[in-house]
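User: Hey, got a minute to go through this model with me? I'd like to start with the strands.
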Amino acid sequence: MEQTEKRKQILERFHYSQDVVIDKPFNWQQMWRLLSYLKPYSVNLLPLSFFTVMISTGVRLLLPIIIGVYLFDRAIIEKDTRLLTVLVLLTAGLYFLLYLSNTLRIRWMNKLGQYVIYDLRKHLFNHVQTLSHRFFDQRSAGSILVRIMNDTTSLQDLFTNGVINLLTDFLLLIGIIAILSSLNLKLTIAIMVILPFMFFISTSLRKKIRRSWQMVRMKQSKLNSHLNESLQGIRITQSFTQEEENNEYFRQLNKENFETWKEAVRKNAMFGPFVEVTTAVGTVILIWFGSMLIQNGECTIGEFVSFSFYLGMFWEPISRLGQVYNQLLMGMASSERIFEFLDEKPIVAESPSAKKISIRGRIDFENVEFSYDEKRKALHGVSFTIHEGETVALVGHTGSGKTTIANLISRFYDATSGCVKLDGYPIQDLSLHHLRSQISIVLQDTFIFSGTILENIRFGNPAASDEAVINAAKAVGAHDFIQKLANAYHTEVEERGNVLSTGQRQLISFARALLADPRILILDEATASIDTETEIVIQEALKTLLKGRTAIIIAHRLSTIREADNIFVLDHGNLLEQGNHDQLMRKGGVYYHLVKAQYKMLDL
Amino acid sequence: MFVFKKLKDVYLPYKKDFILSLLFLLLLTGITVVYPMILQLTIDEVVLGGKYHLVPWISAGFLAIMFLKALSAFIQHYLADMFGIKTVRRLRDQLYEKLQRLPFSYYDNAKTGDLMSRLTADVEGIRMFVAFGFTEVLRFIVMVTSSFCVMLYYSVQLTFVTIAALPFLAIVTYKFDKRVHPAFRGVRISFAKLNTKVQENISGIHTVKALSKEGMEIERFTEKNEKLKAAHLRTAGVWSKYFPLMESIGNICVVALLAFGGFMVTNGKLEPGELVAFYSLIWYMMGPIMQLGFTINMFSQAKASGERLLEILEAEETIRNEETIAKVESIKGDVEFKNVTFFYRSEKTPALNNISFTAFPGKTIGLIGATGSGKTSITQLISRFYDVTEGEIFIDGRPIRQFDLKVLRSHVGVVPQESFLFSSTIRANIAYGRPDAAMEEIIDAAKRAQAHDFIMELPEKYDTILGERGLGLSGGQKQRIAIARAICKNPSILILDDATSAVDMETEFQIQQALKEVMRGRTTFIIAHRISSIKHADEILVLENGKIIERGKHHELIQRNGAYKRIFDIQYKDRDIVLEQAAGRC
């Protein structure tokens, strides 16, 4: 008791999320929807694959009769050399046909499966691109990734083999039974006794085995989560001298994983022997009953031999049907997750009569209310006007509504009530793509895509020449540090890489925005500390960037705020004050106190 | 085999499982070869010979043998698997323990992704080989020779006619394996590339949408998706070319068997039952031959995996307790650097160049300078995460190498630049350095770090579980928990490496206030970019390219009119104007 208590305690050191739901009940509607992805191939790949499979199956069915009944009974036993020659040649011919059809079968079936998965994944990815911010806010990046990559892959087998095998294996099974019955009905009935057992092993036992492997995989992924985390946090662990404690945790986790694995291994090792014993029972029936029938003259040796071949063939389709059954159950879980995403509608939809106008940059908020969820309102009836070419600083604490205003201007969300207007047009009447291509947003945590610096800046305007990219970098003061990198503009960078410092990333995103040349610029200033030298460059760059456009800055630095044409002071979703620095200082209100508090800090 | 010899410590303790599994494998193979012989007996003796009274005996014997076969198959399979997973368990424990001990310098040059793939894929490679590789080789030998012997026993002539095509099978199989593995690797690489693309797209979706570049992203995705499809189809191409060919060679053997065997039976040189037995035996030989390529490949992969794992297991632990360590249990907090020069491995310029300073117990040292000037290196040497290249560090007057690492580090509290939190409760995260800390101590630490209030607003309060990488909290909140974690250790030396970078100015102000009290009685090192964070330090060191270029108290450095003053001017340039304005108003 005490030991399990201690073990539990150790295992509570870390917590990792664990998947639970494994498979879903069969759902026809969903299946039908999944199968609709086969439609584009219903006139070419699908029938072709089916055709080759039929040929392979047919040859496989025919051979035991040829070899058993004709070759043995007619040619060998009756010593008919001429018939033997003919039959051997026929067998060789059939094998050649099998070779051809198998080559094509593998090629076409794989093609079918890959094309369908390709289409499905493309459909899913393209759909996800259209979804709104809210969709991404509610989910972790990892969970979206798993659906686009892993859930689609898990359907691959179903489409490559599953659907076609389902059809052919039924036919094969019926074919075998039909042939056996026509050869010898009594013996067929006797042997069919083993069929239910085979079905049981193939579906039920296999399902149990699969479940226990899933358990292993779940434990394994927990183990891997911990490994990954312990590697990333190794410096913390060593600083806090927790190596021993972590070792103990890992040993327990490893042991837990081992126990689950052991269980799976045990079940797994039973599968083969079970099949073997069932087949053996079938063989015994064949030997016993068959030899009795031969004795009575109700069966020939050739039939007996054919039966022994067909008996071996029984297992194959049944096994595959069990496999398809399991694939379907797994496919249900995956397809449900995929369809959940596909059914997700973009919250911010393009209106059919959307106008494509070139905007000049005037922004009006008329009594705008907004809430991310029912519980809390992010904006309470805010109204203001930003004139063309003006720089506006948004000031306020976290949660005051600064980011919400920025999000509404680029229409990542629609206002709950009230109206957002651009150049006097309600924002919903403008083409979404057209709108966003004229607005640039520079986020605090600039995302760097893997690729060269050149490509990263060009992301703002894919049509820009190398020269234009370099000019943009020069304009924001990024050229100098880029030149100092190993391969200058062709240096490979990535999100998690440490080639660029925070300040340098910011400059890259400035260059990106400048290259996009937007009418409206939204900028979320960084709070993370940047060394003073880079900071000066950034301040300078900002001036270049703001020139000649409407700008909304979520500002943290007083120097930026002071130079703004207009300052909006926000608090809990309300616009408290507006005016320029001097006006607001003179007023002696919220802004005045905010500024004073910040300087008090410097003088601390 | 050298690799496996070196790794023997991992699997030898379980050799009993292995040996037993081999014994059952022999039994299993023996029985398998008996099966066609029974079939032959049935046909030739019972059916053709008319000895029908033998039927019950043959049936019963057959059933008994098949049960025995099933049982030994189960035991063999189970034991082989157990041998594999026991080995994996031990291997993982050893790897994990080793990784916990390896020094920072090892991790500077290692990528998490690479280590992870060793810990997963390479460990799996070893398991596969240990569980199946060894036995597969033996199975091959036993199966092929015993089938061959039985065939020879029936008919020498027919045996050679039948197996004439087998060498071709071996060649085709070999070629197939050589081509199919690169193809599979191609699929894996394409998959990884597509995966990276999608991951990047989702992580950067706000940037994509902000710049309205969904179309471009779809293009890039489609290109990689096409490549994955092509890679899959290439693999299918290899399969479709070789697999039917391999099957056909087997079928050629069958046709040869039927033609030649058929004539032999008609000439009375062979019994019909023997022909049927041959028909089964030939597949017993072909199966393992088709497997052989797979086995060889498994071996070479396991060897490569073993090498990569040994690289970890044999990596040098450069930072270790010295032979003789002083029996010191507590540390007062006196830190002295004497002409310290330090190089990171693989770098040519020194990270620290002839640094000397003394921090007396309870005093505060401020470190300021551009990124890469050596601030963090100084603090990492104090915890002895690295050893100095030249010079010496003294703690409480004693060379740092004379301390027990655990004692030393448990007296140094570090708040790192990037606040890494573990997937655990907030309580456990704060108590990470002292798992036995009482709840009151944890709450006290959180209060001092200005974290208590926001923790109490969370649904589960101190029992809130932080997601992987501490998602769900803002940067400032994470930093405050990291500060509480360091305080909870009650260290005599406190290191704040840009600890308040992600909080807004107001919160920073509160944390600074709180830290003032926390710092009392501890030697504190503060790394910062903002002058306001370090201006009250007892000594400020201004670093540039690993050298101390200025040192002194705030007002001394201001008077000196050097680098420090320049930073000060930039940060404070508009303060005076604003304050004047403000003063004028009220």
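Analyst: Sure. Strand β4 (residues 390–395) of chain B is joined to β5(B) by 2 bridges, and the two run antiparallel. Strands here are DSSP E runs of at least two residues, helices are H or I runs of at least four, both numbered from the N terminus, and strands pair if DSSP finds at least two bridges between them.

User: Which residue stands opposite B:F394?
Analyst: B:P399 in β5(B).

User: What's the order of the strands in the sheet?
Analyst: The order is β2-β1-β4-β5 in chain B, 4 strands in an open antiparallel sheet. β2 (352–359) and β5 (398–399) of chain B are the edge strands, each pairing on one side only.

User: Which helix lies across β1, β2 and β4 of chain B?
Analyst: Helix α12 (residues 375–382) of chain B, at about 120° to β1(B). Axes are lines fitted to C-alpha atoms, for helices over the stretch in contact, with angles from 0 to 180 degrees between N-to-C directions.

User: Anything I should know about the model itself?
Analyst: It's predicted: local features need pLDDT of at least 70 and side-chain atom pairs 80 or more, while totals for chains, interfaces and linings use all residues. Residues are numbered from 1 along each chain as written, with chains lettered from A and ligands numbered from 1 in written order.

User: Switching topic: how many residues of chain A are in contact with chain B?
Analyst: 125, against 125 residues of chain B; contact means C-beta atoms, placed from the backbone, within 7 Å. Helix α11 (residues 243–295) of chain A gives the largest share of chain A's side, 26 residues.

Definitions and conventions: Contact = placed C-beta atoms within 7 Å.
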